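Dear colleague,

I am passing on a structure for you to look through, and my notes follow below it. Please keep the structure open beside them while you read.

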Amino acid sequence: MAHLAILEYPDPRLRIRAKPVTEFDAALAQLVADMLETMYAAPGIGLAATQVNVHRRLLVADVSEERNEPICLINPEILTAEGTVSYEEGCLSVPDVFESVDRAERIKVRAHNERGESIEVEAEGLLAICIQHEMDHLEGKLFVDYLSALKRDRLKKKALKRAKKGSGDGESDTVSPAVPII
Ligand code: NI
């Protein structure tokens, strides 16, 4: 298994729209294993392939407290969405930013599993939020896109300054364990 590098905003590669997965082979299984390892190490509750610079429609998540219920959704599609919920989110690709975003409260998703079989998942609460956040990544969309242009501009300047200061120390100055990093 390998630990993968996570792209950070405003990296333009985060804006690439992912293409469907068509080969359900050993390389895909390896990618899923590597993404899970990377997500757990970060730590985060979800990770989209886009964030590790693989532009295929695939996401992993684990919202369990014991961190032992991994899920993997390949080529996910939302079939139904109900209700609205506003939740403060963070993102592994946008370090140290926590903002409230409106999402559907309950969703039904159709996807493939690692073997290429069709599955349907019903999700609510944090898992529903997480899946919607990761599916946005696959469209090249980030949670900061929901903020006002002014606020986003300020965040972008901060991110660029941070990148200039030297990336690679991997340290974050804010620890906010209450907010899920998706
Ligand atoms: Ni994210």
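Before the helices are described, one term is needed: contact means that heavy atoms lie within 4.5 Å. Please also bear in mind that this is a predicted model.

With that term in hand, helix α1, which covers residues 26–41, lies across β1, β2 (58–61) and β3 (71–82), and its direction makes an angle of about 40° with β2. Helix α2, made of residues 125–138, lies across β1, β2, β3, β6 and β7, and runs at about 110° to β3.

The strands themselves belong to an open sheet of five, arranged in the order β1-β2-β3-β6-β7, with antiparallel pairing. At the edges are β1 (46–48) and β7 (118–124), each of which pairs on one side only. On average, neighbouring strands of this sheet are turned by 40° against each other, if direction is ignored. As general background, strands of a sheet pair through backbone hydrogen bonds, in either a parallel or an antiparallel way. Here, β6 (residues 106–112) pairs with β7 in the antiparallel sense over seven bridges, and Arg110 has Glu120 in β7 as its bridge partner.

Finally, is Thr50, in the loop between β1 and β2, buried or exposed? Thr50 counts as buried because its relative accessibility is 0%, and the cut-off for buried is under 20%. Leaving aside residues up to four places away in sequence, Thr50 touches Leu7, Arg13, Leu14, Ile16, Ala18, His55, His137 and Leu138.

With best wishes

Methods
Residues are numbered from 1 along each chain as its sequence is written. This is a predicted model: local features need pLDDT of at least 70, side-chain atom pairs count only at pLDDT 80 or more; totals for chains, interfaces and linings use all residues. Side-chain values use heavy atoms; hydrogens and water are left out. Two strands pair if DSSP finds at least two bridges between them. Helices (H or I, at least four residues) and strands (E, at least two) are DSSP runs, numbered from the N terminus. Axes are lines fitted to C-alpha atoms, for helices over the stretch in contact, and angles run from 0 to 180 degrees between N-to-C directions. Buried means under 20% relative accessible area, exposed over 50%, partly exposed in between (1.4 Å probe, protein chains only).
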